[in-house]
Protein chains: 2
Amino acid sequence: MTSEDSGEAGSGPVGARAGSHATLWALSDPVRVEIMDRIAAGTETTVTELAGVLPMTRQAVTRHVRTLEEAGLLVGERAGRQHRYRVALAPLGEAGAFLDERAASWDRALRRLAAHLDQQ
Amino acid sequence: MTSEDSGEAGSGPVGARAGSHATLWALSDPVRVEIMDRIAAGTETTVTELAGVLPMTRQAVTRHVRTLEEAGLLVGERAGRQHRYRVALAPLGEAGAFLDERAASWDRALRRLAAHLDQQ
DNA sequence: ATAACACGCAACAAAAAGGTTGCAAAAGAG
DNA sequence: CTCTTTTGCAACCTTTTTGTTGCGTGTTAT
């Protein structure tokens, strides 16, 4: 039935973003952040439960969950006929490090330009 | 603090995202990150200069720059017929704080669930 | 004044994202 | 076995992104 996907690390899927970009993009949608909130809280941890409290159908929730899963922010585990999800925090650290790195780089560049102008 | 709907009314165009979401979304595109890199470095600081080194037309660059400007990551200043941009680091701090806050919240929720399971 | 440059706006097309409905398959309950 | 629940997949539609071309406006140089 299901093919051997569920491995987003190799030759990625079609619309796949890489690394921290995927994480930033996944979390730039308030709906997906709310899904992460609810799964982390443990109140709604399946697609059907989430669709019960969110203003959209189950299939729409499935897509958001899949996006989060491809970003590595969610990990699913099948328990019988249910498909339960839990959050993974590792990509959060990567994305945060990415932002910090960029901020530091741009800050350095700005100071370098300012010093250059000051020298003239 | 957690309420962020009904954001900026007058300054935000039609499809504007609010606060940190706009920042995360703007930086989830490698092209826009590269634009930020080049403007911060001072090598290309106008739309025309950027279009000269990027594989797209000037109008496409204009759209990306506008996206970054709406997120507060770029500030433009007109000098004669040229429109020069410089980077602004403030939204970076907000976005980083948002990620940290979410990571801490989800981590707390996970520990609470783990403790709850441990108690049973 | 005229030509060249930098920029903005509008119309348009293709692709991706977000959402819906419908239907089929696997797991549990009666 | 039959029925219900949970899930996945496929087709389809709408909106948003992303990119193009064409044209008009303002600014600088000759």
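## Two protein chains and two DNA strands

H4(B) is the element that gives the most to the surface near DNA strand D, supplying 5 residues. This is a predicted model, so let us walk through it one topic at a time, starting with DNA strand D and ending with the core.

**Around DNA strand D**

- There are 22 residues around DNA strand D, and those that come nearest are Thr46(A), Thr48(A), Thr57(B), Ala60(B) and Gly80(B).
- Two or more residues of this surface come from each of these elements: helix H3 (47-53), H4 and strand S2 (82-87) of chain A, and H4 of chain B.
- By class, the surface near DNA strand D holds 13 polar, 5 charged and 4 nonpolar residues.

**Around DNA strand C**

- DNA strand C has 20 residues around it, and Thr57(A), Gly80(A), Arg81(A), Thr46(B) and Thr48(B) come nearest.
- Here H4(A) provides the largest share of the surface, with 4 residues.
- At least two residues each come from helix H4 (58-70) of chain A and, in chain B, from helix H3 (47-53), helix H4 (58-70) and strand S2 (82-87).
- The surface near DNA strand C is made of 12 polar, 5 nonpolar and 3 charged residues.

**A closer look at H4(B)**

- What span should the 13 residues of H4(B) have at 1.5 Å a residue? The expected value is 18 Å, and the C-alpha atoms at the two ends of H4(B) are 18 Å apart, so the two agree.
- Four names to look for in H4(B) are its buried residues, Val61(B), His64(B), Val65(B) and Leu68(B).
- These buried residues lie on the same side of H4(B), because they cover an arc of only 100° around the axis.
- Their packing partners in chain B are H1, H2, H3, strand S1 (74-79) and S2.
- Leu68(B), one of the buried residues of H4(B), is in contact with Ala26(B), Arg32(B), Ile35(B), Met36(B), Leu73(B) and Leu74(B), leaving aside neighbours within four places in sequence.
- Just after H4(B) ends, you can find Gly72(B), which takes a positive phi of about 80°.

**Where the two chains meet**

- On the chain B side, 25 residues are in contact with 26 residues of chain A.
- Helix H1 (19-26), helix H2 (30-41) and helix H5 (90-119) of chain B each bring at least two residues to the side that touches chain A.
- Which helix gives the most to this side of chain B? H5(B) does, with 12 residues.
- The side of chain B that touches chain A divides into 18 nonpolar, 4 polar and 3 charged residues.

**The nonpolar core**

- In soluble globular proteins, nonpolar side chains tend to be buried together.
- The largest nonpolar core in this model has 45 residues, and Met36(A), Leu68(A), Met36(B) and Leu68(B) have the most contacts inside it.
- H5(B) contributes the largest share of this core, with 5 residues.

**Chain A at a glance**

- Chain A has 5 helices and 2 strands, and along the sequence they follow the pattern α-α-α-α-β-β-α.
- Of the 120 residues in chain A, 27% are buried.
- Among contacts in chain A with a separation of 6 or more, 49% join residues that are 24 or more positions apart.

Technical notes: Residues numbered from 1 in each chain as written. Chains lettered and ligands numbered in written order. Predicted model: local features only at pLDDT ≥ 70, side-chain atom pairs only at ≥ 80, totals over all residues. Contact = placed C-beta atoms within 7 Å. Nonpolar A, V, L, I, M, F, W, Y, C, P; charged D, E, K, R; others polar. Near = placed C-beta within 6 Å. Expected span 1.5 Å × (residues − 1). Buried ≥ 20, exposed ≤ 12 C-beta atoms within 10 Å, placed from the backbone. Arc of directions from axis to C-beta. Core = buried A, V, L, I, M, F, W, Y, C linked by C-beta atoms within 7 Å.
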